[in-house]
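Pull up the model and keep the sequence beside it. We'll walk through it in a few steps, from the pocket to the charged side chains and then to a few single residues.

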Amino acid sequence: GGAVGTFSPLAAGSTTLTGNGVQAVAPPPAPVSRFGAIAVANIDIKYKGAAGVVGATMQVAPGLQAEVAAILGPSAGAYVGARYALLSGSLHPTLAAGVPLFVASGARIGVRGAGGIQYDITPHLALVGELGVEHVFNPQSNIAGTLFVPAIGALGRL
C-alpha cells in the first residue's frame, strides 16, 4: 500500500503538502461587504408591546456602522442610528444610539441609547442583544416619556 494523506486545516492562502505529496492551497475568505441589513425587535416591557426595526446598515469605519430603518408595529415610523463594537472577536460588547421618529396620535421624536452584546456567527451573520433606554420628547399624555426597551435581533452582511 501507498502512503495515505491526512487532512489538516490550512490558513487562508497557505500552501502545504499532504501525506501523499499532493500540494493543497486554501482559498482566501470571501470579502464581506460594507453594506448589510438589520432586523431587531424592540420590546416595550411596561406597555407589553413590541416593534420591529428593519432596515439597512453600512460600515463607515472599523467597528462603526450607520443604520437606517423602518419601525413596524402599532405605531409606524423611521429610525436613524449607529452601532459601535467596543472590542473585536466573535463575541463582543456594543454601544448603540439613535433617533426614532414614529406616528402615534401625531409625530413623536425621541432618542435611544443601548449597550449590549453581539455574537458574530459568521462574517456575514450576527446576533445582537441590547438593554436600552428610549426618551420621547413629546410623548402621548397616557405614555411615559422614558422607557426601558431591550432589543434582540440579527445583523446580516452581504
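How much space lies in the largest pocket? In this predicted model, the answer is about 670 Å³. The lining of that pocket is made up of 32 residues, and Asp44, Ala51, Phe102, Glu134 and Leu147 are the ones nearest its centre. Quite a few elements chip in: those that give two or more residues to the lining are strand 3 (35–44), strand 4 (49–61), strand 5 (64–72), strand 6 (77–85), strand 7 (91–103), strand 8, strand 9 and strand 10 (146–148). Strand 3 gives the most, with five residues.

Now step back to the overall fold. The protein chain has eleven strands and zero helices, so if you read along the sequence, the pattern is simply β-β-β-β-β-β-β-β-β-β-β. Of the 158 residues in the protein chain, 27% are buried. As for how the chain comes together, take the contacts between residues at least 6 apart in sequence: 37% of them join residues at least 24 apart.

Next, the charged side chains. How many salt bridges are there? The count comes to four, and a good place to start is the one between Glu67 and Arg83, where N and O are 2.7 Å apart. Glu67 sits in strand 5 and Arg83 in strand 6, so this pair links distant parts of the chain, 16 residues apart. Are these two side chains buried or exposed? Glu67 counts as buried because its relative accessible area is 3%, under the 20% cut-off. Arg83 is buried as well, at 5% relative accessibility.

Arg83 has another partner: its side chain also meets that of Glu130 in a salt bridge, at 2.2 Å from N to O. This time the link runs from strand 6, home of Arg83, to strand 9, home of Glu130, and the two residues are 47 apart in sequence. Glu130 is buried too, with a relative accessible area of 5%.

Strand 9 also holds Glu134, one of the residues nearest the centre of the largest pocket. Glu134 forms a salt bridge with Arg112, and their closest N and O atoms are 3.5 Å apart. Because Arg112 lies in strand 8, the pair ties together parts that are 22 residues apart in sequence. Both Glu134 and Arg112 are buried. Put the pieces together and you get a network of salt bridges that links Glu67, Arg83, Arg112, Glu130 and Glu134.

Not every buried arginine has a salt bridge, though. Take Arg108, which lies in strand 8 (residues 107–122). Which side chain of opposite charge is nearest to Arg108? That is Glu134, 12 Å away, and Arg108 is buried without a salt bridge. What the side chain of Arg108 does reach is backbone oxygen: that of Ser105 at 2.8 Å, and that of Asn138, which lies 2.6 Å from one of its polar atoms. Leaving out residues up to four places away in sequence, Arg108 touches Pro100, Leu101, Phe102, Val136, Asn138, Pro139 and Gln140. Phe102 may ring a bell, being among the residues nearest the centre of the largest pocket.

Arg157, in strand 11 (residues 151–157), tells a similar story. Arg157 is buried and has no salt bridge, and the nearest side chain of opposite charge is Glu67, 7.6 Å away. Its side chain does make a polar contact with the side chain of Thr57, at 3.1 Å. Beyond its neighbours within four places in sequence, Arg157 is in contact with a list of residues that includes Val32, Ser33, Arg34, Phe35, Gly36, Gln59, Gln65, Pro123 and His124.

Last stop: Ala126, which has its place in strand 9 (residues 125–136). Is Ala126 buried or exposed? Buried, because its relative accessibility is 4%. Setting aside neighbours within four places in sequence, Ala126 is in contact with Gln118, Tyr119, Asp120 and Ile121, and also with Gly153, Ala154 and Leu155. If you'd like one more distance to check, try Ile38: Ala126 and Ile38 are 88 residues apart in sequence, and their C-alpha atoms are 9.6 Å apart in space.

Note on methods:
Residues are numbered from 1 along each chain as its sequence is written. This is a predicted model: local features need pLDDT of at least 70, side-chain atom pairs count only at pLDDT 80 or more; totals for chains, interfaces and linings use all residues. Side-chain values use heavy atoms; hydrogens and water are left out. Helices (H or I, at least four residues) and strands (E, at least two) are DSSP runs, numbered from the N terminus. Buried means under 20% relative accessible area, exposed over 50%, partly exposed in between (1.4 Å probe, protein chains only). Contact means heavy atoms within 4.5 Å. Lys and Arg count as positive and Asp and Glu as negative; His and the chain ends are not counted. A polar contact is a pair of N or O atoms within 3.5 Å; within protein, one must be able to donate a hydrogen and the other to accept it, and residues adjacent in sequence count only if both atoms are side-chain atoms. On a 1 Å grid over the protein atoms alone, a cavity is a set of points where a 1.4 Å probe fits but cannot get out, and a pocket is an open set with protein on both sides within 12 Å along at least five of seven lines; lining residues have an atom within 4 Å of a point. Grid points are joined across faces, edges and corners, and a volume is the space filled by probe spheres set on the points.
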